[in-house]
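Hi,

Here is the structure I promised to pass on to you. Please have a look at it first, and then read on for my notes.

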Amino acid sequence: MYRRSVCLFVAWFCIQLCFAEISKTSEDRLEEITVTAHRVETESILPVETLNKEDIGQRVSMLGPDVLAPLPSFALSRAGAFGSQAQIRVRGAEANHLQVLVDGIEVNDPATGSEFAFAHFDLAGIGRIEFLPGAQSALWGSDALAGVLQLRSSQEPKLRRVELAGGSNRERISRVEFGDVLTQGQYRLTLSHYDTRGTNTSLEGGEDDGYEHNSIHFSGRVHRESKGLSLVLRRVDALSEFDPTGFPTFLPVDGDNESSATFHAAKVALDGAFFNERWKQVLEFKHMDSRTLTDANGRRISRFEGSRNTLTSISHLALSADHRVTGLVEYEEEGFRQAAEAGFSGDPNYASNVRTKSAALEHLGSWGHLTSSLSARYDTHSAFENIMSYRAALRLPIRSNLSIFASLGTGTKNPGFIERFGYTPDSFIGNPNLRPEYSRHASLGINWCVAVSMGVPSSSDRCAEDSMGVLFALFQDTLKDEINGFAWNGLGFTAVNLDNESERRGMELRVNTEVAGTALNLAYTLVDSNSPDGTTEIRRPRHQGHVSVRRSLVADKLHLFLGARLNGENLDFDYSTGQQRVVDLPARRLLYFTARYNFSERLGFSLRLENLLDDDGQEVYGFAPPGRRASLGVQARW
């Protein structure tokens with residue numbers, strides 16, 4: 001029924017586009033959405049890190065989590081070759097504490113503890129990335145415990161573009177994009193394909209683990225006067241070869257294993273403005289689902305499915321020029337299904353679902369020079385206890401080029417299905433009293449533009465040309481009720497909330513400057529992340545950094561980009577000796593370079609070099625990372 005309804009709606013939407021007259025003037029450009037920190041199109045109280053279309057195009061690749069390297073506090077752990085499990089931990093938090101959105105659709109996977117599958121991260125159709133750190137559950141609910149990463153559809157005007165590339169490890173990339181601006185709407189369609197022979201994940205042997213990735217992304221909108229209808233559709237198909245990690249060492253060895261993953265995401269939104277645009281109303285229906293199949297030596301060994309359906313109503317009311325209120329009511333249902341062969345440890349076949357009802361309210365106010373935000377949210381769950389979250393934020397300009405900001409808030413993370421039931425429910429002792437994880441967050445910082453004559457720095461944290469923007473922030477997060485999903489209670493294994501709290505604290509420094517056509521960006525993060533027993537958490541490097549230089553030459557036809565990423569020393573677990581022990585992982589220093597030359601407005605070429613130093617440091621113990629790579633590409637547009 002759901003798929004039939006979606007097909008009918010897409011057909012109706014396309015008919016509406018066909019009747020919309022295509023604009024012929026070059027002045028018709030779409031207004032770019034700036035910030036989503038307040039669930040409305042407005043300037044953010046807190047600094048939001050952004051990567052626009054130009055930033056994305058100059059990075060390493062449009063595929064894979066490496067493109068997020070410039071974002072502060074992003075610690076990447078990839079288990080070997082491309083397409084293997086990849087996790088990102090923000091500010092020392094857990095891998096499932098970052099909420100990832102595509103045009104407002106949450107794409108965290110309920111089948112994997114609501115962790116986003118960064119192994120298949122793809123920017124096809126995406127023109128802007130926004131990252132808001134800190135606890136954001138007051139507006140975004142569960143999973144936004146450490147921050148929100150928002151991927152926005154490209155808003156370029158009329159576009160027809162084809163890109164082809166190939167390189168090391170038999171890498172092949174192809175991408176086709178179509179888009180146009182209409183007098184009463186716009187649309188954008190992107191088709192993307194990537195495949196590679198891959199590299200060997202195992203430290204021994206010579207079998208390469210290949211990877212194939214296909215995606216389609218559509219975004220469109222039709223509007224009349226002050227009312228509009230938007231549609232977003234996204235599909236990702238990925239096939240990964242991987243090496244098994246069996247008993248007794250639990251280290252990868254060459255083998256013929258495959259994992260195929262399919263992800264769908266969709267959103268339908270109605271919006272309108274009333275009473276001279278003092279009241280804005282948005283009604284959204286969002287859907288995501290995932291399916292992951294795993295085969296070993298040609299035999300199906302597991303099937304995981306997750307789904308999420310969300311209905312949201314958002315009302316935004318301007319009480320005056322200085323005070324605005326946003327109200328939100330939401331209903332969400334998450335589902336999970338697992339299928340595999342029963343074995344010695346039990347029967348893993350089961351299905352479950354959770355329903356959540358939520359209400360949230362935010363006040364945005366201006367008090368002279370001071371601007372503030374106060375928000376609260378209450379979630380009621382069908383399977384575990386209800387919870388409330390809040391956030392208070394303020395920004396105060398000290399001088400025309402200097403402002404301070406502060407934030408206090410809480411974040412929540414609901415128990416995952418596997419945390420509640422385990423992989424084998426008949427041998428895993430369920431815990432009906434399991435509580436959501438809960439975090440208290442505090443941050444304080446300054447935003448400073450050096451040697452500029454301008455007003456208060458904008459939320460994009462970018463100063464004028466020939467100036468330098470500096471952002472410095474201190475943060476602290478205290479995690480309470482952390483879930484241990486593998487605890488022994490004397491009768492068997494179960495899940496429990498830990499009594500002690502875990503602390504994550506640190507500092508971030510970001511410097512952006514552009515002088516005489518050369519742009520320099522630097523980010524550094526210092527993080528201390530401790531578990532409830534006081535020991536250092538694994539896969540959280542204390543030092544992280546990124547630096548990049550961008551320069552345009554030859555009448556702005558040649559664009560050069562040189563970047564470096566540092567993942568400092570960190571810890572991991574080693575089970576190869578038959579028991580768990582902690583081992584040190586050395587620091588990784590990754591250097592990459594891109595060059596793009598545009599022969600004309602319609603034809604360009606690119607060169608991409610990755611891991612120039614051929615750093616072979618492991619991000620996950622026992623898993624060999626990809627080595628040095630190179631690729632050449634051609635882009636044509638009309």
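How many bridges join strand 29 to strand 30 (residues 581–585), and in which sense do the two strands run? Five bridges join them, and the strands run antiparallel. Before I go further, please keep in mind that this is a predicted model.

**The hairpin of strands 29 and 30**

Strand 29 and strand 30 make a hairpin, with six residues between them. In the turn, Gly578 has a positive phi of about 95°. One bridge partnership to look up is that of Leu571, which is matched with Asp584 in strand 30. The side chains along strand 29 (residues 570–574) may catch your eye as well. Asn570, Asp572 and Asp574 point to one face and are buried, while Leu571 and Phe573 point to the other face and are not buried. As background, side chains in a regular strand alternate between the two faces of the sheet. Nonpolar side chains in soluble globular proteins tend to be buried together, so I would look at this strand with that in mind.

**Strands 17, 18 and 19**

Another run of hairpins starts at strand 17 (residues 350–367), which pairs with strand 18 (residues 370–381) in the antiparallel sense over 12 bridges. Two residues lie between these strands in their hairpin, and Gly368 takes a positive phi near 75° there. Strand 18 is also joined to strand 19 (residues 387–399), by nine bridges and again antiparallel. That hairpin connects strand 18 to strand 19 through five residues. Arg377 is a handy residue for following the pairing across: Ala360 stands opposite Arg377 in strand 18, and the bridge partner of Arg377 in strand 19 is Ser389.

**The open sheet and the cores**

Turning to the sheet with the order 1-6-7-4-5, you will find an open sheet of five strands with mixed pairing. Its edge strands are strand 1 (49–51) and strand 5 (105–106), each of which pairs on one side only. Inside the sheet, strand 4 and strand 7 pair in the parallel sense over five bridges. Val102 stands opposite Leu151 in strand 7.

The largest nonpolar core has 29 residues. Leu68, Phe74, Phe118, Ile129 and Leu149 are the ones with the most contacts inside it. Strand 2 (74–78), strand 3 (86–90), strand 4 (98–102), strand 6 (126–133) and strand 7 (147–153) each supply at least two residues of this core. Apart from it lies another core of 10 residues, including Ala37, Ile45, Val48 and Leu132.

Phe118 deserves a stop on your tour. Leaving out residues up to four places away in sequence, Phe118 touches Pro65, Leu68, Ala86, Ile88, Leu98, Val100 and Leu149. Is Phe118 buried or exposed? With a relative accessible area of 2%, Phe118 is buried.

**Aromatic rings and charges**

The aromatic pairs come to 15 by the rule used here. One of them is formed by Phe118 and Phe121, whose centres are 5.8 Å apart with 35° between the planes, a tilted pair. Phe121 is buried as well, with a relative accessible area of 0%. Elsewhere, Phe304, Phe336, Tyr350 and Phe417 form one aromatic cluster.

Two arginines sit over rings. Arg39 lies over the face of Trp140, at 3.9 Å from the ring centre. Arg91 lies over the face of Phe475, at 4.2 Å from the ring centre.

**Two more residues to look at**

His287 has its place in strand 14 (residues 279–296). Its relative accessibility is 8%, so His287 counts as buried. The side chains of His287 and Asp289 are joined by a polar contact of 2.7 Å.

Val496 is found in strand 24 (residues 493–497). Why does Val496 count as partly exposed? Its relative accessibility is 28%, and the partly exposed class runs between 20% and 50%. Beyond its neighbours within four places in sequence, Val496 is in contact with Asn431, Leu434, Glu482, Ile483, Asn484 and Ala487. Val496 and Ala138 are 358 residues apart in sequence and 25 Å apart in space, C-alpha to C-alpha.

Happy browsing, and best wishes!

Notes:
Residues numbered from 1 in each chain as written. Predicted model: local features only at pLDDT ≥ 70, side-chain atom pairs only at ≥ 80, totals over all residues. Heavy atoms only, no water. Core = buried A, V, L, I, M, F, W, Y, C linked by side-chain atoms within 4.5 Å. Buried < 20%, exposed > 50% of the residue type's maximum accessible area, 1.4 Å probe, protein only. Helix = DSSP H or I, 4+ residues; strand = E, 2+ residues; numbered from the N terminus. Contact = heavy atoms within 4.5 Å. Phe/Tyr/Trp six-rings, centres within 6.5 Å; stacked < 30°, edge-to-face > 60°. Lys NZ or Arg CZ within 6 Å of the ring centre and 35° of its normal. Polar contact = N/O pair within 3.5 Å; in protein donor to acceptor, adjacent residues only side chain to side chain. Pairing = 2+ DSSP bridges.
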